[in-house]
Amino acid sequence: MSGAETLHNLLSIMIVNSITLVGRNSKVAVSRTESGSAFASFSITIKRGEQTATIPCKAWGKVAEKAAAMESGMLIGLIGVLTKQKTLRLDCLELLGQAI
């Protein structure tokens, strides 16, 4: 396999399961694992015209700690991957605006 083919295969893998979303979050439930690492669960609601989608999200470590500071209804931006459980596993979380 050539270098170009290898790069193409890597980019295809990364692009296939990389999701970026902007929407409003639900209330965040934060807990700790047995090792003390933070774990957060919440959902993001995205509206497009008359359509609304709500996607469950999970975050660990520093991203979970950042999620703990969110107020319900805050405008947020997320980057993550979709898991087999149809949950978005977060790699990045940005707080974009105030809660409504």
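**Inside the fold: Ile44, Asn25 and their surroundings**

Setting aside neighbours within four places in sequence, Ile44 touches Leu21, Val22, Gly23, Arg24, Asn25, Ala53, Thr54, Ile55, Cys57, Ile76 and Leu78. This list is a handy way into the structure, which is a predicted model. Several of these names return below.

It helps to begin with the overall layout. The chain contains two helices and six strands, and from the N terminus on these elements follow the order α-β-β-β-β-α-β-β. Of its 100 residues, 28% count as buried. The accessible surface of the chain amounts to about 6800 Å², and carbon and sulfur atoms account for 58% of this area. Contacts also reach along the sequence: among those between residues at least 6 apart, 48% join residues at least 24 apart.

What lies inside? In soluble globular proteins, nonpolar side chains tend to be buried together. In this model, the largest nonpolar core has 15 residues, and Ile44 is among those with the most contacts inside it, together with Val28, Phe42, Ala67, Met70, Ile76 and Leu78. At least two residues of this core come from each of β3 (38–48), β4 (51–60), α2 (61–68) and β5 (74–82). The most generous contributor is β3, which gives four residues.

Met70, one of the core residues with the most contacts, is found in the loop between α2 and β5. Is Met70 buried or exposed? Its relative accessible area is 8%, so Met70 is buried. The fold also brings Met70 and Lys27 together from separate places in the sequence: they are 43 residues apart along the chain, while their C-alpha atoms are separated by 8.1 Å.

Asn25, already met as a contact of Ile44, belongs to strand β1 (residues 19–25). Asn25 counts as buried because its relative accessibility is 5%, below the 20% cut-off. Which polar atoms lie around the side chain of Asn25? One of its polar atoms lies 3.3 Å from the backbone oxygen of Glu71, and the Asn25 side chain also reaches the backbone nitrogen of Met74 at 2.9 Å. Beyond its neighbours within four places in sequence, Asn25 is in contact with Phe42, Ser43, Ile44, Met70, Glu71, Ser72, Gly73, Met74 and Ile76.

Attention now turns to a pair of strands. The strands β3 and β4 run antiparallel and are joined by 10 bridges. Across this pairing, Ile46 stands opposite Ala53 in β4. Together β3 and β4 make a hairpin with two residues between them, and Gly49 in the turn has a positive phi of about 65°.

The same two strands supply an aromatic pair, with Phe39 in strand β3 and Trp60 in strand β4. A pair of aromatic rings is described by the distance of the centres and the angle of the planes. For Phe39 and Trp60, the values are 5.2 Å centre to centre and 55° between the planes, a tilted arrangement. The structure holds one aromatic pair, and it links distant parts of the chain, as Phe39 and Trp60 are 21 residues apart. How buried or exposed are the two partners? Phe39 counts as buried because its relative accessibility is 19%, under the 20% limit. Trp60 has a relative accessibility of 38%, so this residue counts as partly exposed.

How values were computed. Residues numbered from 1 in each chain as written. Predicted model: local features only at pLDDT ≥ 70, side-chain atom pairs only at ≥ 80, totals over all residues. Heavy atoms only, no water. Buried < 20%, exposed > 50% of the residue type's maximum accessible area, 1.4 Å probe, protein only. Contact = heavy atoms within 4.5 Å. Areas by Shrake-Rupley, 256 points an atom, 1.4 Å probe, with all protein chains shown as cover. Core = buried A, V, L, I, M, F, W, Y, C linked by side-chain atoms within 4.5 Å. Polar contact = N/O pair within 3.5 Å; in protein donor to acceptor, adjacent residues only side chain to side chain. Pairing = 2+ DSSP bridges. Phe/Tyr/Trp six-rings, centres within 6.5 Å; stacked < 30°, edge-to-face > 60°.
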